[in-house]
Amino acid sequence: MRLTFTVNGRKQQADDVWEGESLLYVLRERMGLPGSKNACEQGECGSCTVRLDGVPVCACLVAAGQAQDREVVTVEGLADFARQRDHGGCAAEGHGISLDDAKRWRSKPGENAQLSPIQRAFIDAGAVQCGFCTPGLLVAADELLERNSSPSDEDIREALSGNLCRCTGYEKILDAVRLAAARSEEAV
Amino acid sequence: MDFLRPASWEEALAAKAEHPTAVPIAGGTDVMVEINFDHRRPDALLDLNRIGELREWEVGEETVRLGACVPYTRIIESLRAELPGLALAAHTVGSPQIRNRGSVGGNLGAASPAGDSHPALLAAGAEVEAVSVRGTRMIPVEEFYTGVKRNCLEPDELIRAVHIKKADGPQQFSKVGTRNAMVIAVCAFGIALHPGTRTVRTGIGSAAPTPIRATAAEEFLNSALAEAGLWDSGQIIPPAVARQFAELVSGAANPIDDVRGSAAYRRHALGVMARRTLGWAWEEYRGNERSARCA
């Protein structure tokens with residue numbers, strides 16, 4: 001079947017999608033966006049977390065056909081998504097990032113890096129080790145800070161309870177979310 | 001495989017009548033796991049996400065009519081006062097990502113004995129609104145479960161809503177697992193006090209082929225509370241009564257040994273949860289709200 005949906009602010013189309021295929025498979029294998037990670041395929045690890053019409057979900061548990069006509073934000077579009085949000089922009093045509101740009105995305109620490117505040121905070125706090133869980137955590141943490149700009153430690157732990165990390169022991173990840181929250185308070 | 005995408009409830013019923021083997025998919029948190037692991041290859045998936053009314057609820061005089069696809073997150077945010085037991089149970093489901101997609105309708109459709117909402121539905125009292133092109137059936141939830149992952153839906157029926165009695169007294173829910181998040185219940189227990197009718201109802205999860213009520217325990221407690229006049233006096237429940245209630249709850253279960261726990265452990269844990277949740281609920285009835293967050 002054909003799937004038409006919005007990915008990171010741009011209309012996309014995929015053909016010959018198998019009816020039992022997951023949104024995650026479409027994103028990784030058909031759109032060429034490998035940022036969302038494929039691990040447990042049963043909703044336990046959170047490494048495939050994306051926003052579906054703004055709601056954080058496990059992309060491995062969304063049937064591809066369920067994304068028809070809906071909006072998906074992946075980690076590749078997170079910096080652009082955060083920028084739009086900060087500038088009060090709406091998703092008009094011409095916004096968003098193309099698949100080619102998304103595929104070329106690199107985290108270049110430096111003045112001109114295309115990083116959302118939460119990505120910057122993860123780097124600065126040393127919250128990334130092997131990096132496999134990072135995309136899902138970034139999407140989940142960004143959504144937490146969107147609805148709660150000064151979360152308590154309990155709020156952070158609950159918001160990230162569906163994202164497993166086997167390297168860090170989570171402390172640096174909690175630090176990163178606190179750092180991003182503190183920076184946004186300063187900016188106001 | 002077909003992917004059926006009805007835009008309205010009527011279209012969904014027509015599609016289910018035409019394709020009785022089609023598997024309804026709402027949040028996908030159960031169905032997609034089975035497809036991802038190749039445990040299931042349905043002829044067709046019937047996507048319910050485009051039917052807006054399934055994500056709505058109505059608070060009526062005595063019941064809440066909860067649309068089949070209302071995500072757990074909404075129940076936690078918006079129905080804590082009307083459905084406190086279900087809201088507590090909903091909060092133990094998976095993770096935020098899962099609670100954003102999973103729903104009570106899905107829990108009933110999957111009919112896993114470990115489903116988190118079942119004990120709360122059994123304790124509160126609930127009816128499943130099962131609909132087909134032939135008409136509507138209201139099925140009491142205790143008759144809905146027929147076996148492990150089996151329910152009494154006909155092949156052409158879909159769950160439209162669940163009608164749950166609004167709380168008329170304190171409700172509690174407790175679940176045993178290895179951590180606080182992302183846990184399939186080793187076993188679970190729900191209790192609801194109904195001061196209006198001076199009855200107590202219970203629900204046991206993950207400790208029998210289907211979710212069940214502990215009816216002998218309920219009957220024992222109902223008469224013990226009545227005989228001692230405790231509903232009126234508001235005195236504490238004598239420890240011997242609580243102990244007997246716990247033993248009867250343990251005895252009502254029919255658990256198995258599996259990777260998550262042994263049958264003996266499940267029976268023991270159920271007794272502990274029954275005694276504790278009764279204590280918490282009764283304290284609240286006496287006017288002492290419980291402050292701790294974890295069950």
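Let's start where the two chains meet: 23 residues of chain A are in contact with 24 residues of chain B. Please keep in mind that this is a predicted model. On the chain A side, the element that gives the most is strand β4, residues 55-58, with 4 residues. As for the character of that side of chain A, we have 10 nonpolar residues, 10 polar ones and 3 charged ones.

Now to chain A as a whole. Its inventory is 7 helices and 5 strands, and reading from the N terminus the order is β-β-α-β-β-β-α-α-α-α-α-α. How compact is chain A for its length? The radius of gyration is 16 Å, close to the 16 Å that the globule rule gives for 188 residues, so chain A is as compact as a globular protein of that length. If you prefer box dimensions, the C-alpha trace spans about 45 × 35 × 25 Å along its principal axes. Buried residues come to 48% of the 188 in chain A. And for those of you who like contact maps, take the contacts in chain A with a separation of 6 or more: 63% of them join residues 24 or more positions apart.

Over to chain B, and first to a sheet. Five strands make up an open, antiparallel sheet here, in the order β4-β5-β10-β6-β7. Which strands stand at the edges? They are β4 (57-59) and β7 (135-140) of chain B; each has a single partner strand, so one side of each is left without a neighbour in the sheet. From one strand to the next, the twist averages 20°. Looking at one edge in detail, β4(B) pairs with β5(B), residues 63-67, in the antiparallel sense over 3 bridges. In that pairing, E58(B) is opposite R65(B) of β5(B).

Next, a hairpin in chain B. Strand β12(B), residues 187-194, runs antiparallel to β13(B), and 7 bridges join them. One of the bridge pairs is A188(B) with G205(B), the latter in β13(B). There are 4 residues between the two strands, and in this hairpin R198(B) has a positive phi near 55°. Is β13(B) enclosed or open? Of its 7 residues, 6 are buried, so β13(B) is largely enclosed by the rest of the structure.

That same strand turns up again when we look at helix α11(B). The buried residues of this helix are F245(B), A246(B), L248(B), V249(B), S250(B) and A252(B). What covers them includes β13 (199-205), α9 (215-227) and α12 (263-285), all of chain B. A general reminder helps in reading that list: an α-helix has 3.6 residues a turn, so residues three or four places apart point the same way. There is also a nice sanity check on the geometry of α11(B): at 1.5 Å a residue, its 14 residues, 239-252, should span 20 Å, and the end C-alpha atoms are 20 Å apart, which agrees.

Let me finish with one residue, Y285(B), which is found in helix α12 of chain B. Why does Y285(B) count as partly exposed? It has 16 C-beta neighbours inside 10 Å, and a residue needs 20 or more to be called buried. Leaving out residues up to four places away in sequence, Y285(B) touches G169(B), P170(B), L193(B) and P195(B). Then there is W231(B): it is 54 residues from Y285(B) in sequence, while their C-alpha atoms are 8.9 Å apart in space. Thanks, everyone, and I'm happy to rotate the model if you'd like another look.

Conventions
Residues numbered from 1 in each chain as written. Chains lettered and ligands numbered in written order. Predicted model: local features only at pLDDT ≥ 70, side-chain atom pairs only at ≥ 80, totals over all residues. Contact = placed C-beta atoms within 7 Å. Nonpolar A, V, L, I, M, F, W, Y, C, P; charged D, E, K, R; others polar. Expected span 1.5 Å × (residues − 1). Buried ≥ 20, exposed ≤ 12 C-beta atoms within 10 Å, placed from the backbone. Pairing = 2+ DSSP bridges. Axes fitted to C-alpha atoms, helices over the stretch in contact; angles between N-to-C directions. Rg over C-alpha atoms; globule rule 2.2 N^0.38 Å.
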